[in-house]
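Me: I would like to learn how to read this model feature by feature, with the general idea put before each case. Could we begin with how its elements are named?

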Amino acid sequence: MKMNKIDIQKLLRCLDKKLSHEEQLVICGGGALSLAFGGHRTTVDIDILAPVPLSRNIKEKAKEVAQEMNIDVKWLNDDCKGFADYLLSGWKTGYSRIET
């Protein structure tokens, strides 16, 4: 499934409702671009750069969302975590908060 900004917001809101406590996710890649700039940008998954690894709670709730929405269980993943080593030092303080 290709997701646009509205799809991503819907999925993240659904995930948020399922979580028992506040979590912060650092999104990168196509999902981040779509959320930040919208337009015709789409992505097939949401890449999470932090927290790494994703908590068991987040993984379980993301799987529930996938089952309810009939989408790939890897819609939310931390497969990009290996790229964090290539980012400039201080990247954790240089991101933009995007409210969904």
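Reply: Helices (H or I, at least four residues) and strands (E, at least two) are DSSP runs, numbered from the N terminus. Residues are numbered from 1 along each chain as its sequence is written, and side-chain values use heavy atoms, with hydrogens and water left out. This is a predicted model, in which local features need pLDDT of at least 70 and side-chain atom pairs count only at pLDDT 80 or more, while totals for chains, interfaces and linings use all residues. In these terms, Thr-43 lies in the loop between helix H2 (29-37) and strand E2 (46-50).

Me: Is Thr-43 buried or exposed, and which residues is Thr-43 in contact with?

Reply: Buried means under 20% relative accessible area, exposed over 50%, and partly exposed in between (1.4 Å probe, protein chains only). Thr-43 counts as buried because its relative accessibility is 9%. Contact means heavy atoms within 4.5 Å, and, leaving aside neighbours within four places in sequence, Thr-43 is in contact with Met-1, Lys-2, Met-3, Ile-8, Gly-30 and Gly-31. In addition, the side chain of Thr-43 reaches the backbone oxygen of Asp-45 at 2.9 Å.

Me: How should I read the sheet, and in what order do the strands come?

Reply: Two strands pair if DSSP finds at least two bridges between them. Here three strands form an open sheet with mixed pairing, in the order E1-E2-E3; the edge strands, E1 (26-28) and E3 (76-77), each pair on one side only. E1 and E2 run antiparallel and are joined by three bridges, with Ile-48 in E2 as the bridge partner of Ile-27. E2 and E3 run parallel and are joined by two bridges, and Asp-47 stands opposite Asn-77 in E3. Five of the five residues of E2 are buried, so E2 is largely enclosed by the rest of the structure.

Me: Which residues of H2 are buried, and what do they pack against?

Reply: An α-helix has 3.6 residues a turn, so residues three or four places apart point the same way. In H2, the buried residues are Gly-31, Ala-32, Ser-34 and Leu-35. They cover an arc of only 165 degrees around the axis, which puts them on the same side of H2; the arc is that of the directions from the helix axis to the C-beta atoms. The buried residues of H2 pack against helix H1 (5-18) and E1. Just after H2, Gly-38 takes a positive phi of about 60 degrees.

Me: What is the expected span of H3, and how far apart are its end C-alpha atoms?

Reply: The expected span of a helix is 1.5 Å times one less than its number of residues. For the 14 residues of H3 (residues 56-69) this should give 20 Å, and the end C-alpha atoms are 20 Å apart, which agrees. Its buried residues are Asn-57, Ile-58, Lys-61, Ala-62, Val-65 and Ala-66, and what covers the buried residues of H3 includes H1 and E3. H3 is followed by Asn-70, whose phi is positive, near 55 degrees.

Me: Where is Lys-18, and which side chain does the side chain of Lys-18 make a polar contact with?

Reply: A polar contact is a pair of N or O atoms within 3.5 Å; within protein, one must be able to donate a hydrogen and the other to accept it, and residues adjacent in sequence count only if both atoms are side-chain atoms. Lys-18 has its place in helix H1 and is partly exposed, with a relative accessible area of 21%. The side chain of Lys-18 makes a polar contact with the side chain of Glu-68 (2.6 Å).
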